Amino acid sequence: MWNIDQAYIDGAFVPVHGTQRVEIANPATGQRIGSATLADREDAKRAIAAANRAQPAMARSTRAERLDMLRRLEAAVLARTAQIRDATVEEYGGPLARAQWVSNYASQCFATTARALEDYAFERRIGDATVVMEPVGVAALITPWNAAAGSICSKVASAVAAGCASVIKPSELGPIQARIVTEALHEAGLPRGAFNLLLGCGEDVGDELSTSPEVAKISFTGSTATGKRIARAGVETMKRVSLALSGKSATIVLDDADFATVLPLALNAAFMNNGQACVAGTRLLVPRHRMAEAIGQVQRAAAAMRVGDPRDPATAIGPLASQAQFERVQQFIRRGIEEGARLVAGGEGRPEGLERGWFVRPTVFAEVRNDMAIAREEIFGPVLSMIAFDGEDDAVAIANDSPYGLQAYVFSARPQRALALAARLHAGTVLVNRIAPELGAPFGGVKQSGVGREFGVFGMEAFLEPKTITPAAAEPARAAV
Ligand code: NAD
């Protein structure tokens with residue numbers, strides 16, 4: 001039984017000043033597995049002060065020192081891989097394979113960032129000027145519950161590489177995962193205050209971070225609605241704000257694709273992480289003349305996906321993370337039916353044989369129009385909308401007709417054709433004939449899926465700002481002109 005009542009401030013685990021308690025339940029069983037006491041504004045202020053004390057030394061640290069910190073962080077998190085995986089399964093309901101991927105990623109992101117840092121040009125010449133990339137200052141790192149360990153680690157990696165001290169506010173809905181990651185980060189032995197972490201609610205701790213004049217930068221991952229709130233709150237102190245937000249990704253399957261190979265991949269892209277993924281390909285665009293065939297394949301693939309105990313390696317889809325998520329997804333399924341979409345797999349309620357836990361039936365709608373709510377809104381559960389298109393121009397128009405633009409997928413037997421189509425899509429990332437990302441490449445969204453990029457060199461640059469230094473020697477020449 002977990003009892004989490006400490007924050008990590010100034011290099012030590014300390015009791016929180018806040019008093020609000022939250023219960024932690026296993027979403028597969030509903031059983032209580034612990035509780036946590038949330039931090040409050042007072043704790044946030046202490047964490048911000050600690051980060052500000054650490055900032056000057058972090059800013060002065062050399063490339064070699066930052067690389068050393070990243071390597072120690074990688075080793076410390078790597079040593080906790082199994083614990084992070086188990087917590088992801090128990091607290092979040094992540095299926096084993098996904099939980100393993102997340103826990104591997106949590107340490108890998110330090111290595112990816114170290115590679116970007118190794119040969120990064122912090123100084124360059126532009127005419128007479130020397131341009132120096134300087135750390136932006138103390139950063140608040142605010143993360144969601146659906147990718148707890150990975151989000152925390154990748155943001156910490158970028159902040160450290162850039163020389164920024166940070167205050168991390170993970171989602172209050174993942175206390176166990178946050179605690180294990182904090183213990184690992186602590187074991188890396190970074191300077192006191194280089195990172196601080198506190199569990200708390202958005203309205204108080206999150207708001208304190210977004211409004212404090214002592215915080216220079218916010219790196220936020222979460223919903224578009226919260227991202228807008230943070231951007232508005234941050235503008236008063238002119239914070240640098242990076243926002244990684246919601247998505248409603250399109251998967252385009254072209255008419256020459258081999259459906260037997262491609263549609264199971266498309267279904268995986270839709271239902272990955274139990275459908276609770278910002279990059280989930282939840283709109284599946286299929287040529288109208290091959291739609292009947294596609295529906296049959298998708299039905300077979302969906303029926304083959306095992307829903308159940310996330311600890312079982314055969315499970316593809318575990319429970320949703322909470323009752324709130326369960327109810328949200330049920331509402332969207334009802335809405336899809338009411339709007340006239342044709343249910344071809346799943347539906348309301350729990351899957352047969354799973355009477356407890358927040359399990360939902362993997363659900364597929366066909367005959368979906370792109371203006372229906374199930375095609376426009378991020379559902380955040382295993383619910384897929386199949387949409388017919390007539391020709392490539394129509395596919396591009398439907399894919400781009402969305403408030404979001406995070407990640408898209410294109411499948412075709414002819415890679416050049418798929419690449420040409422990818423160039424026309426409004427999305428931060430397009431994956432062509434694959435669903436696995438390239439981790440060192442920039443990741444982020446266009447339109448309402450966000451502002452800025454994470455990972456690798458672009459992720460690090462989000463914590464840097466150019467300073468131009470132009471020496472006096474250049475002045476007489478300029479004056480003569
Ligand atoms: P959320 O927006 O509810 O919360 C995210 C974080 O913001 C949490 O830590 C929360 O406590 C905090 N927060 C809430 N209100 C706040 C406020 N007023 N000020 C400051 N902080 C506040 O999102 P969620 O439900 O935790 O996560 C799911 C969402 O995240 C989905 O929309 C998903 O698409 C998105 N997401 C995006 C990415 C990406 O990289 N683009 C990755 C993962 C998740």
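Trainee: How many residues of the shell around the ligand are nonpolar, polar and charged?

Mentor: This is a predicted model: local features need pLDDT of at least 70, side-chain atom pairs count only at pLDDT 80 or more, and totals for chains, interfaces and linings use all residues. Residues are numbered from 1 along each chain as its sequence is written, and side-chain values use heavy atoms, without hydrogens and water. A shell residue has a heavy atom within 4 Å of the ligand; Ala, Val, Leu, Ile, Met, Phe, Trp, Tyr, Cys and Pro count as nonpolar, Asp, Glu, Lys and Arg as charged, and the others, Gly among them, as polar. The split is twelve nonpolar, eleven polar and five charged.

Trainee: Where does the ligand lie relative to domain 1 and domain 2?

Mentor: Domain bounds come from an automatic or database domain assignment. Domain 1 (2-245 + 449-468) and domain 2 (250-432) both give residues to the shell, so the ligand lies between them.

Trainee: Which side chain has an N or O atom 2.6 Å from an oxygen atom of the ligand?

Mentor: Look for polar contacts to the ligand (N or O atoms within 3.5 Å). Glu 172 makes one at 2.8 Å, and Ser 246 makes one at 3.0 Å. The 2.6 Å contact belongs to Ser 223.

Trainee: Is Trp 101 buried, partly exposed or exposed?

Mentor: Buried means under 20% relative accessible area, exposed over 50%, and partly exposed in between (1.4 Å probe, protein chains only). Tyr 105 has 8% and counts as buried. At 38%, Trp 101 counts as partly exposed.

Conventions: A polar contact is a pair of N or O atoms within 3.5 Å; within protein, one must be able to donate a hydrogen and the other to accept it, and residues adjacent in sequence count only if both atoms are side-chain atoms.
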